[in-house]
Amino acid sequence: MEPKKPMAKPLHTFDLDILSAYLKHHVSGFTGLAGLEKFSNGQSNPTYKILDTSGTSYVLRAKPPGKLLKSAHAVDREFRVMTALAETAVPVPKMLHLSGDDSPIGAQFLVMGYLSGTVFWDPALPECSKSFRTLAYSALVATLAALHEVDPHRVGLENFGRPGNYFGRQVSRWTHQYRASETQNRPDMDWTIDWLSQNLVEDDGQMSIVHGDYRLDNVMFDVHTPKMIAVLDWELSTLGHPFADLAYQCMGLRLSQDSLIKGLDTLDRTALGIPDEAEYVAQYCALRGIELPENWAFYMAFSFFRLAAILEGVLHRAQSGNASNPKGMGAMNSTIITLTKAAKATAQQAST
């Protein structure tokens, strides 16, 4: 995966010779470790570009070192879901190896093929033409719809998550994760947790493979065209309700350009060639042949809450000296505050 930012210092401590011997034994075609660099972007699972002596590049993605929250940083889930999706319409990198927790770097990791492409970190795509933006966002929504049309049973993921009551279980899970990593008192988060618990949507029976973190900077495009060549960062994937992914993607449309996770709020999306939220949702539903979602405010409030809970865990790890990219803790805290306020405001609007 082609980084848009400079490489960073490795987070794990390991012996390169031992790792080289391990990779030669477990990765078909690997000839010997010639170089290793850490991608600097990302806050969750440390990711490294590795080069073998033949000149072939690979990507190694690992759990961070240290004590971790239960079920967090699940590179094994990433490996499983991307292996399962290899023959579907959802583009994913080729999976090559999954280690155990007792690996040469002291943490479980996966190895996948390296893709030369472009990851865009600004959803406004300022470096692109209007037509490119339109096609890129069309690819983004089309791939999400394609993912949600994949039959989990057909690809061996029928037990990738628990069926039914998805939002009830998710509210409970992320509330627990948030409480386990809470760095300070956040009244808006407490209010939102209570509201979500009291206003859960009824289970309508919809279930699909959900990515869990589907946004523009977690996909890769061809170097020269708006063709999507990979969906990345699957550690939060599970079986769940497809509207969770859809609302999460739309949440990014509501975030500001100067937030830690850049959004498109206040920008003239018509001039940019980027669909607004209603257009995006309508495109998605048309592609899947389904009705527009009811209770949209709940899905949006849930998305803000869930991302706030995730970032609270990142902030907690950073304060413990255990994050993949520990810089910017002040910006992280400000983003959590913004998300919790947005979650509460969205819920309050739904209640009026």
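Is aspartate 217 buried or exposed? With a relative accessibility of 16%, aspartate 217 counts as buried; here buried means under 20% relative accessible area, exposed means over 50%, and partly exposed lies in between (1.4 Å probe, protein chains only).

Before we look further, a word on the model. It is predicted, so local features need pLDDT of at least 70, side-chain atom pairs count only at pLDDT 80 or more, and totals for chains, interfaces and linings use all residues. Residues are numbered from 1 along each chain as its sequence is written, and side-chain values use heavy atoms, with hydrogens and water left out.

## Charged pairs

Side chains of opposite charge can pair when their charged atoms come close. The structure holds 13 salt bridges, a salt bridge being a side-chain nitrogen of Lys or Arg within 4 Å of a carboxyl oxygen of Asp or Glu. Here are some of them:

| Acidic residue | Basic residue | Closest N and O atoms |
|---|---|---|
| Aspartate 217 | Arginine 215 | 2.5 Å |
| Aspartate 213 | Arginine 215 | 2.7 Å |
| Glutamate 149 | Arginine 288 | 2.7 Å |

Like aspartate 217, which is buried, aspartate 213 counts as buried, at 14% relative accessibility. In the pair of glutamate 149 and arginine 288, distant parts of the chain are linked: glutamate 149 sits in helix 3 (residues 130-149) and arginine 288 in helix 8 (residues 277-288), 139 residues apart. Helices (H or I, at least four residues) and strands (E, at least two) are DSSP runs, numbered from the N terminus. Glutamate 149 is partly exposed, with a relative accessible area of 48%, while arginine 288 is buried at 16%. Elsewhere, a network of salt bridges links Arg61, Glu78, Asp233 and Glu235.

## Helix 2 and the cores

Glu78 also appears among the buried residues of helix 2 (residues 75-84), together with Val75, Phe79, Val81, Met82 and Ala84. These buried residues pack against strand 4 (57-62), strand 5 (95-98), strand 6 (109-113), strand 7 (208-210) and strand 9 (228-231).

A nonpolar core is a set of buried Ala, Val, Leu, Ile, Met, Phe, Trp, Tyr and Cys residues joined through side-chain atoms within 4.5 Å. The largest one has 90 residues, and Leu85, Ile209, Trp234 and Leu246 touch the most other members. Helix 9 (residues 296-319) gives this core its largest share, 15 residues. Apart from it lies another core, of 15 residues, including Leu23, Phe30, Ile50 and Val111.

What does isoleucine 209 touch? Leaving aside neighbours within four places in sequence, its contacts (heavy atoms within 4.5 Å) include Val81, Leu85, Leu147, Pro152 and Asp245.

## Enclosed spaces

How many cavities of 30 Å³ or more does a search of the whole structure find? There are three. On a 1 Å grid over the protein atoms alone, a cavity is a set of points where a 1.4 Å probe fits but cannot get out, and lining residues have an atom within 4 Å of a point. Grid points are joined across faces, edges and corners, and a volume is the space filled by probe spheres set on the points.

The largest cavity has a volume of about 200 Å³. Of its 18 lining residues, Pro123, Arg215, Leu216, Gly252 and Lys262 lie nearest its centre, and helix 6 (residues 242-254) gives the most to the lining, with five residues. Arg215 is thus met again here, as the salt-bridge partner of aspartate 217.

The second largest cavity has a volume of about 60 Å³. Its lining includes Tyr166, Asp245, Phe302 and Arg306, and helix 6 and helix 9 each supply at least two residues.

Methods:
On a 1 Å grid over the protein atoms alone, a cavity is a set of points where a 1.4 Å probe fits but cannot get out, and a pocket is an open set with protein on both sides within 12 Å along at least five of seven lines; lining residues have an atom within 4 Å of a point.
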